[in-house]
Amino acid sequence: MKILAKMQCVVRGLASICFPAACTLFSIVQQRPAYSQTPTFRVQSSLVLVDVIGQDPKSGLPVRDLKKQDFRIFDNGHEVRTATFDAGVDTRPIILWLVVICNERGVVGASGEFAGKEALLRSALDHLEKRDTVGVAHWCDNGETSLDLLPTDDRDVPIHVLAETLKPIPFEGGSDATDEVGEETFRKMVRLIIRDAYQRNPKPLPVILFLHGDHTGQPRRELDKVVDDLLETSCVVFGIRDNQSAVLHFLIDEQAKIIHYMAKHTGGTYLSAPSSGYAAALEAVLVQLHFRYELGFVPPAIDGKRHELRVDLTKLAKAEHKGLRLRYRPEYIPVREQPEWAH
């Protein structure tokens, strides 16, 4: 009852937060946290893990009574056998990466809106599980990038490091040359986070949370390579923007709103909130991660190519849970070994 009451409180607190990507609050799945994201999968010993979030359409609360036999998994349209099933406390721990772009003087709509307000996120970190850790990373249009804080179980240090990372710097970009440098640096940073996850044992679920207005773009081809790298792991991308930042609609010859794009392809989402709602937005992300189901299956072929993924309920489960929504990653890439760059 305490858990249910807390979840209802989070749902009510998020009523004022807009979810631009779908304008829905996805509940959470399952009791407990730590494992994957909304749908996500990771190949380990030829096993693909798919993280699934189930939401009751009326209450918005997570549906936590589903069993292994209630699910069906389809790889490129062909049903595959569900080999493993975990939920709640049996899922993997997460590494939550708080990621920002440098607070360049004069830049609006990036991460600068969060400067000086980092402490507003602190209370949400108390909703992490004990096994979960938090890291901080950044990138700049001047070519600088760093994992400023390696994953820690301390809940205060990440906020202090984030505040230091968001202090204004004298550099100011805005030219084609600096934009190109920033785009390349962004891709490097994402791969640093992936490399960190590869090097850990047991393998965690890396979760990248961008505190950013999504005012950036990427060449589509290069961005898709980054998405491929994410799909080869179980990394999930989320984003939170300050609702006062301007909206970027499109970029010429580039994929705009890249955080939206990566979230869509990894099973995450992008949220918008006023400063007073930062904590509630972050709690919504953590709730999704902590209350989920994790399904495992052996891929029909380990070919290093994108595979369409579909998760459905059996007819009987659908009848018992009418209108239940399942959220999961729409694709995965089965690989036998980690890429050379991740060593």
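# Questions about burial, pairing and charge

Author: Let us begin in the loop between α4 and β9 (205-211), where Pro 202 is found. Helices and strands here are DSSP runs, numbered from the N terminus (H or I with at least four residues for helices, E with at least two for strands). This is a predicted model, in which local features need pLDDT of at least 70, side-chain atom pairs count only at pLDDT 80 or more, and totals for chains, interfaces and linings use all residues. Residues are numbered from 1 along each chain as its sequence is written, and side-chain values use heavy atoms, with hydrogens and water left out.

Reader: What makes the peptide bond from Asn 201 to Pro 202 stand out?

Author: Its omega is near 5 degrees, and the bond is cis. Pro 204 lies in that loop between α4 and β9 too.

Reader: Why is Pro 204 called buried?

Author: Buried means under 20% relative accessible area, exposed over 50%, and partly exposed in between (1.4 Å probe, protein chains only). Pro 204 has a relative accessibility of 6%, so it counts as buried. Its C-alpha atom is separated by 8.8 Å from that of Asp 132, although the two residues are 72 apart along the chain.

Reader: What makes Asp 214 and Asn 76 worth a look?

Author: Each has a positive phi without being a glycine: near 60 degrees for Asp 214 and about 50 degrees for Asn 76. Asp 214 sits in the loop between β9 and β10 (217-218), while Asn 76 sits in the loop between β3 (71-75) and β4.

Reader: Are these two buried, exposed or partly exposed, and how do you know?

Author: Asp 214 has a relative accessible area of 2%, so it belongs with the buried residues. Asn 76 comes out at 38%, so it is partly exposed.

Reader: Why is strand β6 described as mostly covered?

Author: β6 covers residues 94-101, and eight of its eight residues are buried. Both directions are included: Ile 94, Leu 96, Leu 98 and Val 100 point one way, Ile 95, Trp 97, Val 99 and Ile 101 point the other way, and all are buried.

Reader: How do you know which strands pair with β6?

Author: Two strands pair if DSSP finds at least two bridges between them. β6 has six bridges to β9, running parallel, and seven to strand β7 (residues 133-139), again in the parallel sense. For particular contacts, look at Leu 96, which stands opposite Val 207 in β9 and has Val 134 as its bridge partner in β7. Trp 97 has Gly 135 as its bridge partner in β7.

Reader: What makes β7 mostly covered?

Author: Seven of its seven residues are buried. On one side these are Thr 133, Gly 135, Ala 137 and Trp 139, and on the other Val 134, Val 136 and His 138. β7 also pairs with strand β8 (residues 145-152), in the antiparallel sense over four bridges, with His 138 standing opposite Ser 146. The hairpin of β7 and β8 has five residues between the strands, and there Gly 143 takes a positive phi near 100 degrees.

Reader: Why are β4 and β17 called edge strands?

Author: They belong to an open sheet of four strands in the order β4-β3-β15-β17, with antiparallel pairing. β4 (78-80) and β17 (331-332) each have a single partner strand, so one side of each is left without a neighbour in the sheet. Strand β15 (residues 307-313) is joined to β17 by two bridges, and His 307 stands opposite Tyr 332.

Reader: Why can helix α6 be called largely enclosed?

Author: Seven of the nine residues of α6 (residues 258-266) are buried, so the rest of the structure largely encloses it. Among them are Ile 258, Tyr 261, Met 262 and His 265. Just after α6, Gly 267 takes a positive phi of about 90 degrees.

Reader: Where does Asp 176 sit, and why is it called exposed?

Author: Asp 176 is in helix α4 (residues 176-198). Its relative accessible area is 69%, so it falls in the exposed class.
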